Amino acid sequence: MRAGTFVYPWDVIGDPAAPGLLADLGVASVTLASAYHSTRALTPRHPGHRIVTAEHAAVLYPPDGARWSGRPLRPYEAGEWAPGDAYGEAAGALADAGLEVHSWVVLAHNSRLGAEHPATSVVNAHGDRYPWAPCIARPDVRAYLVELAVEAAVRPGAAGTELESCGWYGFAHLHAHDKTAGVALGDREQYLLSLCFCPSCREGYGEEGVDPDALAAAVRGALEPVWTGGAPGPLDDFEAPVLAWRTRTARTLQESAVAAVRAAAPSGFRVLLHADPHPYRCGANVGTDPAHVLDVADGVVTPSATVTPFAPHAAPDTVLAANFGVVTGMGGSPATLAEDARRAAAEGATELRLYHAGLASDADLALVAEALRKLG
């Protein structure tokens, strides 16, 4: 079963052994970050460093000045954590080791964009702004995301791309010194806290026949029991039109982004979306309608637990990549990878994605290599 793994450029640059180590795992491809959000990452084998701090969302290559000239929203260049054409340098080293390279593009997740352009952010029913979550209903945000998808995806030598966060982002966010766990928030609570009330979304709700002020009051009312330990209330007649607006907004962004990438890419370039089969979901794996997203893209990368809903809508050449965590310290289970992969294949998965070879310990990678040998 074909397998690929995620890697950052800083896992490879400055470590001559890294490409060979990845090739020896038994993976066929590497999904290499070309546009990524802020993070703090461990590099357990690198000869020159152990901790990399990416201070803000950035492209990991030199952006095209002419492409972005005159645009108020434009990508940020990386700092010392990925100087110059870090993506290109790492991609070349990986290709020299016989690995197929795909770009990894994070779109609607950018805290610096929200800090410097506050009007671009999702705003919840209480008026709280989420600077990490650009609102995909805003025309300026959509134009920026589509242009970023093209530039960051179609990098020299890339055989394809994986677009992450190509849809709604919302409340959920791994944040520094997070203090939000005092009240348990399930799927329903997170959805309600992720509904946006920026001017573009208020207009969109109106197009669906919904009074945005009445909707905001209903959302606040539905959440009120949560703060005292109860269950969220219903939205009644608002539920269907709100989801219809959000689903349509995400679909049209995905259609535009994929079409633009394909128009700029060479023949055979493969476009995958990181996706969840439930349209209301927000985050890195964006909520989708399985039939629609597989009609738009060449396939999806989805957590191993959510492969099944996509399978009935897959064509013979559709990629259904089951994503497995293989970092034990982050909740992954490399020891059961072979068994888990066989189960995913029985549910319709055609490929594996392994998160994340650059972060994994030597012991975890040894288990990954053993599992991939068993899978053949």
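Here's a quick briefing on the cavities, a strand in the sheet and three individual residues of this structure. Keep in mind that the model is predicted. There are two cavities of 30 Å³ or more in it, and the linings of both are broken down below. After that come strand β6, with six of its seven residues buried, and then a look at Ala 125, Ser 200 and Arg 40.

**The largest cavity**

- Its volume comes to about 80 Å³.
- Thirteen residues make up the lining of the largest cavity, and those nearest its centre are Ala 57, Ala 58, Asn 110, Tyr 144 and Leu 148.
- As for which elements give two or more residues to that lining, they are β2 (29–36), β5 (58–59) and α6 (139–153).
- By residue type, the lining of the largest cavity splits into 11 nonpolar and two polar residues, with no charged ones.

**The second largest cavity**

- This one has a volume of about 60 Å³.
- Its lining includes Trp 168, Pro 279 and His 292, along with Gly 287, Thr 288 and Asp 289.
- Arg 246, Thr 247, Ala 250, Arg 251 and Gln 254 are also among the residues lining the second largest cavity.
- Helix α10 (residues 239–264) is the top contributor here, giving five residues to the lining.
- The lining of the second largest cavity divides into three nonpolar, five polar and three charged residues, whereas the lining of the largest cavity has no charged residues.

**Strand β6 and its partners**

- Strand β6 spans residues 100–106, and because six of its seven residues are buried, the rest of the structure largely encloses it.
- One partner is β2, which runs parallel to β6 and is joined to it by six bridges.
- Within that pairing, Val 30 has Val 101 of β6 as its bridge partner.
- β6 also pairs with strand β9 (residues 160–164), again in the parallel sense, over five bridges.
- On the β9 side, Glu 164 is the residue standing opposite Val 106.
- There's a link back to the cavities too: β2 is one of the elements giving two or more residues to the lining of the largest cavity.

**Ala 125: a buried loop residue**

- You'll find Ala 125 in the loop that connects β7 (121–123) to β8 (129–134).
- Its relative accessible area is just 7%, under the 20% cut-off, so Ala 125 counts as buried.
- Setting aside residues up to four places away in sequence, Ala 125 touches Leu 195, Phe 197, Ala 216, Val 219 and Arg 220.
- Take Leu 195 from that set: Ala 125 and Leu 195 are 70 residues apart in sequence, yet their C-alpha atoms are 7.0 Å apart in space.

**Ser 200: buried in a helix**

- Ser 200 sits in helix α8 (residues 199–207).
- With a relative accessibility of 15%, Ser 200 is buried, because the cut-off is under 20%.
- Beyond its neighbours within four places in sequence, Ser 200 makes contact with Ala 137, Arg 138, Pro 139 and Trp 245.

**Arg 40: out in the open**

- Arg 40 belongs to strand β3 (residues 39–42).
- Its relative accessible area is 68%, over the 50% cut-off, so Arg 40 is exposed.
- Arg 40 still has contacts outside its neighbours within four places in sequence, namely Ile 51, Val 52 and Thr 53.
- Looking back along the chain, Leu 25 is 15 residues from Arg 40, and 25 Å separates their C-alpha atoms.

Technical notes: Residues are numbered from 1 along each chain as its sequence is written. This is a predicted model: local features need pLDDT of at least 70, side-chain atom pairs count only at pLDDT 80 or more; totals for chains, interfaces and linings use all residues. Side-chain values use heavy atoms; hydrogens and water are left out. Helices (H or I, at least four residues) and strands (E, at least two) are DSSP runs, numbered from the N terminus. Buried means under 20% relative accessible area, exposed over 50%, partly exposed in between (1.4 Å probe, protein chains only). Contact means heavy atoms within 4.5 Å. On a 1 Å grid over the protein atoms alone, a cavity is a set of points where a 1.4 Å probe fits but cannot get out, and a pocket is an open set with protein on both sides within 12 Å along at least five of seven lines; lining residues have an atom within 4 Å of a point. Grid points are joined across faces, edges and corners, and a volume is the space filled by probe spheres set on the points. Ala, Val, Leu, Ile, Met, Phe, Trp, Tyr, Cys and Pro count as nonpolar, Asp, Glu, Lys and Arg as charged, and the others, Gly among them, as polar. Two strands pair if DSSP finds at least two bridges between them.
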